[in-house]
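Let's take a quick tour of a ligand site and the enclosed voids in this model. Have a look at the structure first, then we'll go through it piece by piece.

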Amino acid sequence: MAKITFIASNGSSKIAEGFGGSLMELAVSHGIQGIDGDCGGVCSCATCHVHVAPGDMEKTGPASDIEKDMLELADGADEFSRLCCQIQVSDALDGIQLRVAK
Amino acid sequence: MKESELPDPFAQIRADKGYAEIDDQGDPVTMLLRLKDVRKTAHNYQAFTSETVPGRIVVPSEVSIRNTRQIPFEVDPPMHGAYRAMVEPWFKRPLEEQYQEQLAAIVSGLFTEVAGGEKIEVVHDFALPLQSRALTLLLNTPMEEAARWISWGTHVFRSEGEALDGSKADVLYDYIDAKLKEAESHRGEDLFSLLMHGEVHGRKLSREEAKGVMVLTFAGGRDTVINAVTNSLAHFAGYPEDLERLRREPELVNTAVEEMIRYFSPLTHMGRVVTQDTQVCEHAVKADSRVSLCWASANRDETVFEEPDRLKIDRKVNPHVGFGFSHHNCLGATHARQVMRILLKEMIQNIEKVELVEARDNIEVWGDFHRKVGFHSLQVRLHPKN
Ligand code: HEM
Ligand code: FES
């Protein structure tokens, strides 16, 4: 099990417990504001954009080239940006913090 | 080649040059063919504007047949964002459970009407009624309205043989005018009423602005949805194993739908007007000339998509631009995705097999390029599952 903290754009935070699937699916099922997941997780819509806490980047790993190309043109993207549909939930992610983009 | 296949006419020139030049009523268009260029150009509204003479960003140009500005489509940021903010929550309603249940009832009802093993013509007997009935949900208007929309035929602006048909557009415009007038004096619960009574930047929309939104809602969601629905039935006729696989693995419905949108690319391309002399794809483009973002070509970009010409229902990473990209990405995508997801789910439940009888291709001509976008008619038998 992994406990993931999502921080919405208005500053409110919510902890979600995940067992599998992607971080996008976890966020949507917990009603995290600002994570829409329009394309269902195929890396086509960028409505699952988050900023990973700098200290947690090691746990999530870097974006793939295809994801990087999407992020390059996403609003407010920085070196901590990820499309969270491209990150699988696993125990290794326990305790990480994600700030919803925008 | 199977009837369901849509060949990619841009493969060679996309790899060689990355763009193609075509004429359109004396106002030529440079079509951009690579995924990266299409994305960058869509993002850069300052150099590539949508806010020009109404109708000019459409190919073939609609400048000579309309003056109404389509909103938010023909408006650039920041005003574009204000319009989008006003209508966005409404267009997200397809995410609600009740909406999806109603849509499922529409689709399964249609299957009951046509799936008896007798011959049907998919475009007119299935896709058009499905598109129209589903639109009553999106607009929140009575189901009876669908009959009238169906009577307009498959194209709101075009009719077979003539690329642009002004008289057809009049029918739509008059209808929308009447509905908006009605909504102005009597506020209902439909999209017409939202537009006449809602506010953007603290003021009400003019009737002309509201009309600009409604025309786009009717036009943008018609051929596109009809082609997506028709082509998916053709696909299952050609690849029955994909229908069987979805039956066994219904969790693939989402990737299957995204892959169909990529492969079908129901909207081939959309234009922009260049605001300053600049370069795209190492090619100089002049101020006031037109470029187009060719979603259909970008979606077959072999540098991004493995085996781009194969429709793989389990394609996991699929950064397609079938619904556009950046600011103007499709406002109707939430609805269109639900229509397609529910169509596949209901197919799994209700249909044993799609048997192809006869197909007549719908082929668009863009300069030297011939692109099959779907079918003028598709005769099949739908064998019900018992
Ligand atoms: C499979 C079906 C559909 C496809 C493939 C599709 C495709 C697209 C594409 C590629 C764009 C981008 C145009 C641009 O960048 O200039 C777009 C925009 C748009 N579409 Fe769709 N569309 C579909 C269904 C619908 C439906 C059902 C509606 C509404 C009923 C709709 C309404 C719109 C609107 C309003 C825009 C303009 C958004 C803006 O400018 O901000 N579309 N669509
Ligand atoms: S959900 Fe669409 S890109 Fe992540």
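Where is the place of C330(B)? In this predicted model, C330(B) sits in the loop between α13 (295-298) and α14 of chain B.

## The iron and its donor

C330(B) is the single protein donor to the iron atom of ligand 1, with its SG 2.3 Å away. C330(B) is also listed among the closest residues to the ligand, along with H80(B), R84(B), R272(B) and H328(B).

## Around ligand 1

Three side chains put a polar atom close to a ligand oxygen: H80(B) at 2.7 Å, R84(B) likewise at 2.7 Å, and H328(B) at 2.6 Å. Elements of chain B that give two or more residues to the shell are α3 (79-91), α9 (207-220), α10 (223-238), β7 (270-274) and α14 (333-350). The largest share, three residues, belongs to α9(B).

In total, 28 residues surround the ligand. Sorted by class, they come out as 14 nonpolar, twelve polar and two charged.

## The cavities

There are two cavities of 30 Å³ or more. The largest holds about 50 Å³ of space, and its lining includes L6(B), F10(B), Y263(B) and R371(B). That lining splits into six nonpolar, two polar and three charged residues.

The second largest cavity, about 40 Å³, is lined from both chains, with D69(A), E72(A) and L73(A) on one hand and L35(B), K36(B), R39(B) and K40(B) on the other. α2(B) gives the most here, four residues. By class, this lining has five charged residues, two nonpolar and no polar ones.

How values were computed:
Residues numbered from 1 in each chain as written. Chains lettered and ligands numbered in written order. Predicted model: local features only at pLDDT ≥ 70, side-chain atom pairs only at ≥ 80, totals over all residues. Heavy atoms only, no water. Near = heavy atom within 4 Å. Polar contact = N/O pair within 3.5 Å; in protein donor to acceptor, adjacent residues only side chain to side chain. Nonpolar A, V, L, I, M, F, W, Y, C, P; charged D, E, K, R; others polar. Donors = N, O, S within 2.8 Å, 3.2 Å for Na, K, Ca; no water. 1 Å grid on protein atoms, 1.4 Å probe; cavity = no way out; pocket = protein on both sides within 12 Å on 5 of 7 lines; lining within 4 Å. Points joined across faces, edges and corners; volume = space filled by probe spheres on them.
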